[in-house]
Amino acid sequence: MSDVTVAVKDATPTVGDVMVDVHGVHKSFGPLEVLRGVDLQVRAGEVTVILGPSGSGKSTLLRTINHLEKVNRGWISIDGELIGYRRSGSKLHELKEKDVLKQRTHIGFVFQNFNLFPHLTVLENLIEAPVSALRRPRRAAEETARRLLDRVGLADKADAYPRQLSGGQQQRVAIARALALEPKVLLFDEPTSALDPELVGEVLDVIKDLARTGTTMIVVTHEIGFAREVADTVVFMDGGVVVEQGPPAAVLDNPQHERTRAFLSKVL
Ligand code: ADP
Ligand code: MG
């Protein structure tokens, strides 16, 4: 797979304060075109919330950003570095798996269903990747892990197993685990959709705290109140394209497109 090349004329990542640059991304599964030319820029330290109906391509977009899915056309860069490819002349060569994995350590991903390692304690969940992928000394990794658990309000759960925690607690562990790799950007795919309603707030509070401290984040969610309060930019996707984007007050209160209005009238 490392020898795959695709012709791309203008893969020139933006440098400066753009942390995530998604440029003309197309993605198909067989005949189904799921992303039909997505452009998105996320500045360092900003929170982008992606809204859109089911099937509009939100998860696929997040998965292309950390190269869990290859793109068919276009390119993505993070902090000025192409994701999944290296450029050579006008061609992009796909990176070797080990280099993709290395890039992925800079991109935190929090899933709807937590995805903790069930056979590891909370502390071990946080230490595993820093030790195995980043070769951090175990002591240092443990120190960081305990600090992060404290930050998400779970200092007393270090020795618990995931099954002993509520969904909200598991998701807070998952966020701490993502932070343990000191990612350049954190991607959230409907982080509260699997939670009982009374547990949603504690997870959103942790994400809000990260927003306040300048963590660059892309959050797919249906929580409109959260988007209004926390997002610097709200992006509305439908049918595999970005239909409109802007500050929350513009997109949520004064949407310009009929498709955005129709969606918001259902979820607000
Ligand atoms: P969203 O997250 O906005 O609900 P998705 O990105 O999950 O949308 O999916 C968009 C479309 O792509 C859906 O029609 C879905 O069935 C399809 N899809 C997603 N992943 C795959 C896959 N691995 N193989 C085939 N179709 C897929
Ligand atoms: Mg999805």
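Two strands pair if DSSP finds at least two bridges between them, and strands here are DSSP runs of E with at least two residues, while helices are runs of H or I with at least four, both numbered from the N terminus. With that in hand, meet an open sheet of six strands, ordered E9-E10-E11-E4-E12-E13 with mixed pairing. Keep in mind that this is a predicted model, where local features need pLDDT of at least 70, side-chain atom pairs count only at pLDDT 80 or more, and totals for chains, interfaces and linings use all residues. Residues are numbered from 1 along each chain as its sequence is written, and side-chain values use heavy atoms, with hydrogens and water left out.

**The sheet**
- Strand E9 (107-110) and strand E13 (241-246) are the edges, each pairing on one side only.
- On average, neighbouring strands are turned by 20° against each other, direction ignored.
- E9 pairs with strand E10 (residues 185-189) in the parallel sense, over four bridges.
- Across from Val110 you'll find Phe188 in E10.
- Helix H1 (residues 58-65) packs on the sheet and touches strand E4 (47-51), E9, E10, strand E11 (217-220) and E12; contact here means heavy atoms within 4.5 Å.
- The direction of H1 makes about 150° with that of E10, using lines fitted to C-alpha atoms (for helices, over the stretch in contact) and angles from 0 to 180 degrees between N-to-C directions.

**Aromatic rings**
- There are two aromatic pairs in the structure; rings of Phe, Tyr and Trp (its six-membered ring) pair if their centres lie within 6.5 Å, and planes under 30 degrees apart count as stacked, over 60 as edge-to-face and the rest as tilted.
- Phe109 and Phe111 are stacked, because their ring centres are 4.5 Å apart and their planes are at 20°.
- Phe109 is buried at 12% relative accessible area, whereas Phe111 is partly exposed at 26% (buried is under 20%, exposed over 50%, partly exposed in between, with a 1.4 Å probe and protein chains only).
- Phe236 and Phe263 make a tilted pair, 5.3 Å centre to centre with 40° between the planes.
- Phe236 sits in strand E12 (residues 233-238) and Phe263 in helix H9 (residues 258-267), so this pair ties together parts 27 residues apart in sequence.
- Phe236 is buried at 1%, and Phe263 is buried at 10%.

**Helix H3**
- Among the buried residues of helix H3 (residues 122-132) are Val122, Leu123 and Leu126.
- Helix H4 (138-151) and helix H5 (167-179) are included in what covers the buried residues of H3.

Key: Chains lettered and ligands numbered in written order.
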